[in-house]
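Student: Could you take one spot in this model and look at it closely for me? After that, work outward from there as far as the structure takes you.

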Amino acid sequence: MSSGVHAALNPGGVIGNGRYRLLAKSGADARSNAELWRARDGQLNRDVALTVLLGDLADNDAAARARRTVERAMHAASFTHPGVSRVIDVLTPGTGIRPDEGILGIVIAEWTQGTDLMDLIAEGPLPAGAATRLLEPLGAAIEGAHHAGLVLGADHPQRIRVTSDGRLRLAFPGPRPDAIARDDVKGLGAILYLLLTGRWALPGGPQGVPVAPTGPDGSVVAPNALHPYLPHDLSSVAVRSLEDTSVGGIRTSAAILQVLDQIAAEEAQTALIPAVASTRDDDDQVVWTTQRPRQDKQQKKKLWISVGVLAVATLTVIVWLSVQIVGFFSDEPSKGGGPTVVINQPGSNGQSAPPPAPAGPVQPAAIGVYDVTNQPDNPNQASRAADNNAGTFWRTDNYFQPFPTLKPGIGLMASFAEPVKLASVTITSPSKGTHVEIRSASALDAPIEETKVIGVADLSDGQTQIQLNDHEPTGHVLIWITQLTNAGGGKNQSEIREILYTRAQ
């Protein structure tokens, strides 16, 4: 690239045969070797948005890619929508661009008044409701363009601006030559992820913007894993829009829009309800507000008291066990003066055989949330479902769409100290109509397809006893929910207050 080009691509520089004076650089899309500028059209005396494609005209491959981008942008000029800046004109070398400028193409679009998307999130992520309202117009534009057979190229945050009336808009059109409709959907998910977390989840993002964290399997960590106050549906849509898998991935903007519409409706219904602190100790469900949750001093005090009580109880148990062990192995007779009685059970070499486990209730050693999407619902509440206290509960997240739209199901996996054969499972729940499957599993993280169904039922309001089929003793039992209780108004949610596991004879 010549020195003249470097001089021109600065504020005050003039390009496009002297017609466009550059005012301010909005960003750069390294994937297309493009710079994004606000400029002044000297002939029409108005501001415009320029997508400037840079490169050497002698590079045939780069020239062909730039030409394809310009052609696609011009083809999209017939599409009009408030979520997309209208393409006014395109320039190519020899038709508005001098061959020696080092510019392979320029897409000229109407200027979008407002602010850059990156400036909007400079102070931190946005609340869920605000992110939803901002994103809906852009999602609608992408959906409309796809129906028209067009690709917009809305997959880079610096191409997006926020209008003065609070809408996201594709301000710098010009899809990459190899971009497909799926890339627009990914871009929509990545922009939602950016609004919710302040991190970018696709390759080729702007310099200085934090990259979205990934899990051990390489998948992007869900927004509500970073910020637990975010709605599960919105978080799930963001990550599933990024996935290329045929199972579980969201591949259309219509699916994203459906969730955005439902969350927006939910926000509208609750916008005028003041946030109040819960007076119930057992009610720690998430309440969505535009404020990030804070832990007050009273909550912290309760936490430290609980930790202290647990520590004392643990120490007491250790001391008691120590005394029992010492007494068991001691050769001294008891100090009470009575005879020492040694009872030998029948068995070889004087060793006792363990008695058969009696039928009746059996308590799991542990219980946790089982989720195939790595986005468990309220995992901190799982133990409440088996604490012998029907006043506490575990509750699923609220889903605007029923299973399996966002996930195939959700469950509670119980682990026992030793393999157990169960006769029945009794579930206490107010969530009438919830469909559950009782499944035996070989391990805590066994894939759902490797678990075995040993009982099914639809829960009633109250206690539901589920008689189980004959099965081999197992150390892990899954309560797998495949249908939540639908309370209407886009609310699909279930609650489990207590689970009673009964051992077979």
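Tutor: Let's start at glycine 360, which counts as buried because its relative accessibility is 15%; buried here means under 20% relative accessible area, exposed means over 50%, and partly exposed lies in between, with a 1.4 Å probe and protein chains only. Before going on, keep in mind that this is a predicted model, so local features need pLDDT of at least 70 and side-chain atom pairs count only at pLDDT 80 or more, whereas totals for chains, interfaces and linings use all residues. Numbering runs from 1 along each chain as its sequence is written, and side-chain values use heavy atoms, with hydrogens and water left out.

Glycine 360 belongs to strand 11 (residues 360-361). Strands are DSSP runs of E with at least two residues, helices are runs of H or I with at least four, and both are numbered from the N terminus. Leaving aside residues up to four places away in sequence, glycine 360 touches Tyr501, Thr502 and Arg503, where contact means heavy atoms within 4.5 Å. Leucine 422 is 62 residues from glycine 360 in sequence, yet the C-alpha to C-alpha distance is 9.1 Å.

Two of those contact partners turn up again around serine 424, a residue of strand 15 (residues 422-429). With neighbours up to four places away not counted, serine 424 touches Gln465, Ile466, Gln467, Leu468, Leu500, Tyr501 and Thr502. Serine 424 is buried, since its relative accessible area is 4%. Tyrosine 501 is buried too, because its value is 1%.

That tyrosine brings us to the aromatics. Rings of Phe, Tyr and Trp (its six-membered ring) pair if their centres lie within 6.5 Å; planes under 30 degrees apart are stacked, over 60 edge-to-face, and the rest tilted. The rule gives four aromatic pairs. In one of them, the ring centres of tryptophan 111 and phenylalanine 172 are 6.3 Å apart and the planes sit at 75 degrees, so this pair is edge-to-face. It links distant parts of the chain, 61 residues apart: tryptophan 111 is in the loop between strand 7 (103-110) and strand 8 (114-116), and phenylalanine 172 in the loop between strand 10 (168-170) and helix 5 (181-197). Both tryptophan 111 and phenylalanine 172 are buried. Phenylalanine 416 and tyrosine 501 are also edge-to-face, because their ring centres are 5.4 Å apart and their planes are at 85 degrees. Phenylalanine 416 comes from strand 14 (residues 410-420) and tyrosine 501 from strand 23 (residues 498-503), so this pair ties together parts 85 residues apart in sequence. Phenylalanine 416 counts as buried because its relative accessibility is 9%.

Now for a sheet elsewhere in the chain. Seven strands make an open sheet in the order 1-2-3-4-7-5-6, with mixed pairing. Its edges are strand 1 (14-15) and strand 6 (96-97), each paired on one side only. Pairing requires at least two DSSP bridges between the strands. Strand 1 and strand 2 run antiparallel with two bridges, and valine 14 has arginine 21 as its bridge partner in strand 2. Strand 2 (residues 20-29) and strand 3 are antiparallel as well, joined by eight bridges; tyrosine 20 partners aspartate 41. Those two strands form a hairpin with four residues between them, and asparagine 33 in the turn has a positive phi of about 50 degrees. Strand 3 also has eight bridges to strand 4 (residues 46-54), again antiparallel, with aspartate 41 opposite arginine 46. Here too there is a hairpin with four residues in between, this time with asparagine 45 in the turn at a positive phi of about 55 degrees. Six of the eight residues of strand 3 (residues 34-41) are buried, so the rest of the structure largely encloses it.

Zooming out, the protein chain has nine helices and 23 strands. Of its 505 residues, 46% count as buried. Among contacts with a separation of 6 or more, 68% are between residues 24 or more positions apart.
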